[in-house]
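Morning, everyone. I will go through one model today, from the overall fold down to single residues. Please have the sequence and the structure open.

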Amino acid sequence: MRPARSTPPFGKGGAGGISLGFSLLEVLVAFVVMGLVVGVLLQLFGSSMRSVALSQEYSFAVQVAESRLAAVGTEIPVEQGNLSGEESGSGYRWQITMEPLELDDKLEALPLTAQIFQVAVTVTWASGDKPREFHLSSLRFGKKL
């Protein structure tokens, strides 16, 4: 026969030394880990929302630049100089720069009746506290200088 023990075998209370719940330390560690995971998830969600908003801004800027570039040669005459404006109610400003393209000697000898122009469209806007811009360029034919 064995002598009776005065303390449980594993130093914890309960029947037969089996723990009946979590200790305070285990609960605190679980809360800390959960808090870190939630914090990281919120940061990821916030940065993805900012990325979506920024991509929408750039999408609109591309549309503005493409529409201004399409207007050159139809609504806007192709000639050397600058033209600027603002999309109404949006805060997006655009500038069109048209410069004659310098051709090499062989191409200059060709009997062209039109001048080739480098047309550049720049769209600028404020995104939060940062200025943003988008550039688009193409070639257009205009009157010979």
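Read from the start of the sequence, the protein chain follows the pattern α-β-β-α-β-β. That comes to 2 helices and 4 strands; helices (H or I, at least four residues) and strands (E, at least two) are DSSP runs, numbered from the N terminus.

A word on the source. This is a predicted model, in which local features need pLDDT of at least 70 and side-chain atom pairs count only at pLDDT 80 or more, while totals for chains, interfaces and linings use all residues. Residues are numbered from 1 along each chain as its sequence is written, and side-chain values use heavy atoms, with hydrogens and water left out.

On confidence: pLDDT is the predictor's confidence in each residue, from 0 to 100. The protein chain averages 85, and 84% of the residues score at least 70. Among the elements, strand E2 has the highest mean pLDDT, 95, and helix H2, residues 105–108, the lowest, 68.

Now the sheet. Its 4 strands lie in the order E1-E2-E3-E4, as an open sheet with antiparallel pairing. Strand E1 (81–86) and E4 are the edges; each has a single partner strand, so one side of each is left without a neighbour in the sheet. From one strand to the next, the twist averages 15°, taken between axes that are lines fitted to C-alpha atoms, with angles running from 0 to 180 degrees between N-to-C directions. Two strands count as paired if DSSP finds at least two bridges between them.

Going across the sheet, E1 and E2 are joined by 6 bridges, one of which pairs Gly85 with Trp94 in E2. These two strands form a hairpin with 6 residues between them, and Gly89 in the turn has a positive phi of about 75°. E2 and E3 share 8 bridges; here Ile96 has Val121 of E3 as its partner. E3 (residues 114–127) and E4 (residues 130–143) are joined by 14 bridges, including the one from Ala114 to Lys143. That hairpin has 2 residues between the strands, and Gly128 takes a positive phi near 70°.

What about the long helix, H1? At 1.5 Å a residue, its 48 residues should span 70 Å, and the end C-alpha atoms are 71 Å apart, which agrees. The expected span is 1.5 Å times one less than the number of residues. Buried residues in H1 are Ala61, Val64, Ala65, Arg68, Leu69 and Ala71; buried means under 20% relative accessible area, with a 1.4 Å probe and protein chains only. They pack against E2, E3 and E4. After H1 comes Gly73, with a positive phi near 100°.

Which residues touch the most other members of the largest nonpolar core? Of its 18 residues, they are Val72, Ile96, Met98, Val119 and Val123. H1, E2 and E3 each give two or more residues to this core. A nonpolar core is a set of buried Ala, Val, Leu, Ile, Met, Phe, Trp, Tyr and Cys residues joined through side-chain atoms within 4.5 Å.

Take Val72 as the example. Leaving out residues up to four places away in sequence, Val72 touches Val78, Ile96, Met98, Val119 and Arg140, where contact means heavy atoms within 4.5 Å.

Last, the whole-chain totals. Of the 145 residues, 19% count as buried. Among contacts with a separation of 6 or more, 47% are between residues 24 or more positions apart.

Technical notes: Buried means under 20% relative accessible area, exposed over 50%, partly exposed in between (1.4 Å probe, protein chains only).
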